[in-house]
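User: Hi, I'm new to this one and would like a careful walk through it. Could you start with a term I'll need?

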Amino acid sequence: MWCVTAQFRGENVNKIDEIKISRAIIGSYTEDLMDATETDVAVVGAGPAGMTAAYYLAKKGVKTIIFERKLSPGGGMWGGGMMFSRIVVQDEGKEVLNEFGVSSSRYEDGYWVADAIESTSTIISECVKAGARIFNLMSVEDVMIREGDRISGLVLNWSAVEIANLHVDPVAIRSRVVIDATGHECEICKIVQKKIGAKLTTDTGGVVGERSMWAEIGEGEILNNTREIYPGLVVTGMAANAVLGSPRMGAIFGGMLLSGKRAAELILEEILL
Ligand code: 48H
């Protein structure tokens, strides 16, 4: 405020230069984007599952980049259940919330309630502080395949290009492992199925499709569904249940957190080695 007043009076102060601001933004962003063209793990979708996976990978020093279509990372966690901004987790899920430093209160035995805003914002913050980089406003529209049959990267475009339906060619990044954390739509698995045929590690070889709500089964099956669904492609969160034909579970988010953690463990212990 002092500076503005002083400038208004024509006094000699350090001027704020719009061009310097623009160069700082463009330069630092471009540097980060250049760095992201070659990574260990690329996560598609910054929902709770994708961010939890990225958090545990980044904490172990794995170079991890998340691409998120929307302006705000967080996926379906902000809205809680039907816009009541609360989420519920079971005991195992609470342990992951504890690791993030999210507070929760006991509702009944085995049911913990947490604020959706605190949960989502804290997970985003911890994920970034752990070293994962989130690029928002970018949509993954395709994958790269190399060495016969292995996912080796992603094909990206600005979400604005997608929304405006502009004919603008994408760019590509290379990644040793890709995580499909796109939620109900399991978009990356659908792309692989469409372009390569039914070769996923599901009963049918293709995307089986999500089943109607049954929280106990949905939460029970999600860890087994969190797997390398195609060489170089790991599926986590709601996408895992959708691909493998398991039920949805409503606003219990423990499975998303645990699936993200499981995806990170799988990549660390079995894929990246
Ligand atoms: C870039 C993309 C693309 C793309 C999608 O939906 P999410 O929150 O997913 P999860 O699995 O972390 O959590 C699921 C949970 O939110 C939920 O919906 C539950 C528990 N439902 C139960 C029920 O019964 O309904 O996040 C996925 C994210 C979103 O932010 C998308 O914008 C993003 O992925 N995304 N980003 N490129 N092609 N597709």
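Analyst: A residue is called buried when its relative accessible area is under 20%. With that in hand, and keeping in mind that this is a predicted model, 47% of the 273 residues of the protein chain count as buried.

User: What helices and strands does the protein chain have, and how many of each?

Analyst: The protein chain has 10 helices and 11 strands. Its radius of gyration is 21 Å, close to the 19 Å that the globule rule gives for 273 residues, so the chain is as compact as a globular protein of that length. Taken along the principal axes, the box filled by its C-alpha atoms is roughly 75 × 50 × 35 Å.

User: What about the surface, how much does the protein chain expose?

Analyst: The protein chain exposes about 14200 Å², and carbon and sulfur atoms supply 55% of that area.

User: And how many charged side chains, positive and negative?

Analyst: There are 27 positive and 36 negative side chains in the protein chain, with the centres of the two sets lying 4 Å apart.

User: Switching topic, how many disulfides turn up in the whole structure?

Analyst: The search finds 0 disulfides. Cys186 is in none, and the nearest cysteine sulfur to it, that of Cys189, is 5.6 Å away, whereas a disulfide needs the two sulfur atoms within 2.5 Å.

User: Is Cys186 buried or exposed? And Cys189, buried or exposed?

Analyst: Cys186 counts as buried, because its relative accessibility is 1%, and Cys189 also counts as buried, at 0% relative accessibility.

Key. Residues are numbered from 1 along each chain as its sequence is written. This is a predicted model: local features need pLDDT of at least 70, side-chain atom pairs count only at pLDDT 80 or more; totals for chains, interfaces and linings use all residues. Side-chain values use heavy atoms; hydrogens and water are left out. Helices (H or I, at least four residues) and strands (E, at least two) are DSSP runs, numbered from the N terminus. The radius of gyration is taken over C-alpha atoms; the globule rule is 2.2 Å times the number of residues to the power 0.38. Buried means under 20% relative accessible area, exposed over 50%, partly exposed in between (1.4 Å probe, protein chains only). Accessible areas come from the Shrake-Rupley method with a 1.4 Å probe; for residues, only the protein chains shown count as cover. Lys and Arg count as positive and Asp and Glu as negative; His and the chain ends are not counted. The place of a charge is taken as NZ of Lys, CZ of Arg, CG of Asp or CD of Glu.
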